[in-house]
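Visitor: I am new to this structure and would like a close look at a single part, the second largest pocket. Which residues and elements line it, and where does it lie?

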Amino acid sequence: MAEGLRVAAASQAKRLKSSSTNSEEIEKQEENGHQAKRFKRDQEDVEDQNKKLPKRKIVLLMAYSGKGYHGMQRNVGSPQFKTIEDDLVSALVQAGCIPENHGEDMKKMSFQRCARTDKGVSAAGQIVSLKVWLTDSILEKINNHLPSDIRILGLKRVTGGFNSKTKCDARTYSYMLPTFAFAQKDLDPQDETYRLSQERLEKVNRLLACYKGTHNFHNFTSQKGAKDPSANRYIMEMFCEEPFVREGMEFAVIKVKGQSFMMHQIRKMIGLVIAVVKGYTAESIMERSWGEEKVDVPKAPGLGLVLERVHFEKYNKRFGNDGLHEPLEWVEEEEKIAAFKEEHIYPTIINTEQEEKSMVNWMNTLSIHDFSSTATGAQANDGSSKNNNELDGSDGCDDDSD
């Protein structure tokens, strides 16, 4: 009988324990449910609060150092290729400017970049347009969530239908390079003591000026054929500024302004001028390169290419003084732009050139180009790398609006 009592007691204790466990699980589930509901309510409260804020179309003035990034444009589905827009979108979400789902689908915020800079290319005056909630201290909040080599330097309200890509009249790029790139080919290509003479600078500028006007640039990209009308591009100006010395090496900056540029076009324009100045080919090749035949045009290194500024002259004329919108000019931000270049862009170009010697290594390949004949083989080889370039973000500029 005592044994029966012990069994009964044990059974009752087991039932009580099981009941207690079930009760705890139910309470835990209920608590989790309450937490989920509270979290959902908090999210809804944030959404409701943000919806009360004005949502407006704006443009952001951006500056960034492109080293370490696979270009400007986001590579959806390729997270291993870090881009400028990845960091920008993340900062916009964290700053409370856009909801998280807009970061996942950028069309929801009408996002558009003015120019698609590619792998390693920097910018001092990139413009993006998008719709955001205009929170207080919005620039400070966004920059707090960005790395130091990406900065938002300005913000302006624009018309509701504004698109930074299609409304852009022209883009200005710069290309910073060591001046020994213009030395005669029989000189030491690594001579950092080389200084560009005034006479040679004048020759460089005379050749660069030949690009002004409208030409067929099918030989300056791997994407267009000679009969493709979109290969015709209008260049407004192109010149080399006075050289300067940094870290014991002389550099110069080439500026080029055009309506739009194709992938690798600027680098090939500069590469061909370097080949002519150094004596690898005759000046006549420039005019021949605008004809229908294939010409072997060398492509200068991507290091040194910077998107300087973008121009909205037609928009400014129509809306810049309408009393509601400001002209898209950035006079007040000029000091911040210059400071960013001095701190992040120029040192990166100079240090990378000294460490990796990209210009020297590239100049050593000029002798293998056959400038006197058509470049069927060379052009085919250049074009064969197109798919690889697109996968890794490329390494030139491409703001083609086709």
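Guide: A residue is called buried when its relative accessible area is under 20%, exposed when that value is over 50%, and partly exposed in between. The model shown here is predicted, and by that cut-off buried residues make up 47% of the 402 residues in the protein chain. The chain has 12 helices and 12 strands, and of its contacts with a separation of 6 or more, 78% are between residues 24 or more positions apart.

With that setting in mind, we can turn to the pocket you asked about. The second largest pocket holds about 330 Å³ of space, and its lining is made up of 21 residues, among which R309, V310, H311, W330 and E334 lie nearest the centre. Several elements each give two or more residues to this lining, namely the strands β4 (122-133), β8 (232-240) and β11 (305-311), together with the helices α8 (313-319) and α9 (334-356). Of the elements, β11 gives the most, with four residues. When the lining of this pocket is sorted by kind of residue, nine are nonpolar, four are polar and eight are charged. As for where the pocket lies, residues of its lining come both from domain 1 (56-166) and from domain 2 (170-364), and therefore the pocket lies between these two domains.

The open pocket can be set beside the enclosed space in the model. The count of cavities of 30 Å³ or more comes to one, and the largest cavity has a volume of about 40 Å³. Its lining consists of F180, Q190, E192, M249, E353, K357 and V360, which divide into three nonpolar, one polar and three charged residues.

From these spaces we can move to a helix and the residues on either side of it. Helix α6 covers residues 265-278, and at 1.5 Å a residue its 14 residues should span 20 Å, which agrees with the 20 Å between its end C-alpha atoms. In this helix 14 of the 14 residues are buried, so α6 is largely enclosed by the rest of the structure. Before it comes H264, which is placed in the loop between β10 (249-258) and α6. The phi of H264 is near 70 degrees, a positive value in a residue other than glycine, and H264 counts as buried because its relative accessibility is 2%. Just after α6, G279 also takes a positive phi, of about 100 degrees. As background, most residues other than glycine have a negative phi.

Another loop, between α3 (100-104) and β2 (112-113), holds K107, and S110 lies in that loop too. K107 has a relative accessible area of 74% and is therefore exposed, whereas S110, at 31% relative accessibility, counts as partly exposed. Although S110 is not a glycine, its phi is positive, at about 55 degrees. K107 and L130 are 23 residues apart along the chain, and their C-alpha atoms are separated by 9.1 Å.

To return to your question, the second largest pocket is lined by 21 residues, with β11 giving the most among the elements, and it lies between domain 1 and domain 2 because both give residues to its lining.

Note on methods
Residues numbered from 1 in each chain as written. Predicted model: local features only at pLDDT ≥ 70, side-chain atom pairs only at ≥ 80, totals over all residues. Heavy atoms only, no water. 1 Å grid on protein atoms, 1.4 Å probe; cavity = no way out; pocket = protein on both sides within 12 Å on 5 of 7 lines; lining within 4 Å. Points joined across faces, edges and corners; volume = space filled by probe spheres on them. Nonpolar A, V, L, I, M, F, W, Y, C, P; charged D, E, K, R; others polar. Domains from an automatic or database assignment. Expected span 1.5 Å × (residues − 1). Buried < 20%, exposed > 50% of the residue type's maximum accessible area, 1.4 Å probe, protein only. Contact = heavy atoms within 4.5 Å.
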